[in-house]
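Here's a quick tour of one structure, with a stop at the spots worth a second look. Have the viewer open as you read.

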Amino acid sequence: MKKIYFLFSALMAFASAQAQTYVFTYNDKPVSGENLVCGSADAEIEEFDGLYDVVLKPAISISATNLPSDLEGAFDALLTVESLNGQKVQCCAGGDCTTGTNIEKELLFEVGSKQTIPVDLEYLGYGVTLEEVKNIKVKLTVVDGYDQNITTSLTVVMYGEDAGVNVIENNRCFQTACGGFSYDFPGEAVVTLYNAGGAVCGSYRLSGSGFLSTEGMPAGIYFFTAVGNGVNESGKVAI
């Protein structure tokens with residue numbers, strides 16, 4: 001890798017005093033530890049004849065820290081993306097998108113401005129089962145371009161076992177949540193859940209904002225309607 005330094009001597013002096021570090025962030029918050037389990041909020045799922053088209057795209061970024069405020073120029077790091085289960089993933093960090101099970105991307109951090117770079121990690125599955133996509137693990141490792149002893153790793157479970165319910169057709173009233181879904185109605189509404197055969201599985205009178213648990217319901221595709229004061233919504237959910 002080639003490194004670009006406008007103030008090379010300043011960077012060398014700084015590196016010896018206080019080396020830069022790298023931090024993974026998820027939804028703009030630093031990740032604590034070396035493991036991250038993502039949920040249904042990072043998934044887009046559509047059902048076709050009992051199989052699913054799945055997009056998993058967690059909002060993960062890499063931030064460089066401990067940088068001198070008066071240093072100009074840029075420095076680089078190497079990001080490796082390793083699929084631990086063998087499924088191909090896509091990574092677009094640093095520019096062009098690359099798909100595979102082992103990916104390397106060069107990251108260029110511009111001192112004073114571009115100190116956070118989105119990983120843009122994505123899994124695309126077509127005609128798969130939900131069991132196939134649960135617990136897909138990807139290991140992300142950042143190696144400093146100047147000092148290869150500076151490394152940071154994160155193992156990402158892109159769709160955990162406890163991901164819960166997934167909104168398949170987006171609407172303004174329902175949001176995904178672990179163990180059920182949250183709702184936000186302008187007034188009172190009657191929510192009815194139907195199974196794939198059209199049988200009523202539950203009817204709920206709800207108002208305002210809250211959470212509806214799906215605990216105890218068999219896994220599968222469900223349809224819902226929400227009708228009431230200022231509400232007329234319908235869609236599909238996968239539990």
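What follows covers a sheet, the nonpolar cores, a salt bridge and two backbone oddities. Keep in mind that this is a predicted model.

Let's start with the sheet. Five strands make it up, running in the order β4-β5-β12-β8-β9, and the pairing is antiparallel. The sheet is open: β4 (43-48) and β9 (98-100) sit at its edges with a single partner strand each, so one side of each has no neighbour in the sheet. On average, neighbouring strands here are turned by 20 degrees against each other, direction ignored. Zooming in on one pair, β5 (residues 51-56) and β12 (residues 121-128) are joined in the antiparallel sense over four bridges. Looking for a landmark? Val-54 has Gly-125 in β12 as its bridge partner.

Now for the inside. The largest nonpolar core has 42 residues, and Leu-79 and Leu-140 are the ones touching the most other members. Strand β7 (residues 74-83) is the top contributor to this core, with four residues. Setting aside neighbours within four places in sequence, Leu-79 is in contact with a mixed crowd, including Ile-62, Cys-91, Ile-103, Leu-107, Val-119 and Leu-140, but also Glu-104, Lys-105 and Thr-141. Another core lies apart from the largest one; it has 17 residues, among them Phe-174, Phe-181, Leu-193 and Phe-224.

How many salt bridges does a search of the whole structure find? Just one. Arg-205 pairs with Glu-188, with the closest N and O atoms 3.2 Å apart. Arg-205 belongs to strand β19 (residues 200-206), while Glu-188 is in the loop between β17 (180-184) and β18 (189-195), so the pair ties together parts 17 residues apart in sequence. Arg-205 is exposed, at 59% relative accessible area, and Glu-188 is partly exposed at 42%.

Last stop: two residues that have a positive phi without being glycine, Asp-120 and Asn-135. Here they are side by side.

| Residue | Phi | Location | Relative accessibility |
|---|---|---|---|
| Asp-120 | near 55 degrees | loop between β11 (116-118) and β12 | 32%, partly exposed |
| Asn-135 | about 65 degrees | loop between α2 (130-133) and β13 (137-144) | 26%, partly exposed |

Asp-120 is worth finding in the viewer, since its loop leads between β11 and β12, and β12 is the strand that pairs with β5 in the sheet.

How values were computed. Residues are numbered from 1 along each chain as its sequence is written. This is a predicted model: local features need pLDDT of at least 70, side-chain atom pairs count only at pLDDT 80 or more; totals for chains, interfaces and linings use all residues. Side-chain values use heavy atoms; hydrogens and water are left out. Two strands pair if DSSP finds at least two bridges between them. Axes are lines fitted to C-alpha atoms, for helices over the stretch in contact, and angles run from 0 to 180 degrees between N-to-C directions. A salt bridge is a side-chain nitrogen of Lys or Arg within 4 Å of a carboxyl oxygen of Asp or Glu. Buried means under 20% relative accessible area, exposed over 50%, partly exposed in between (1.4 Å probe, protein chains only). A nonpolar core is a set of buried Ala, Val, Leu, Ile, Met, Phe, Trp, Tyr and Cys residues joined through side-chain atoms within 4.5 Å. Contact means heavy atoms within 4.5 Å.
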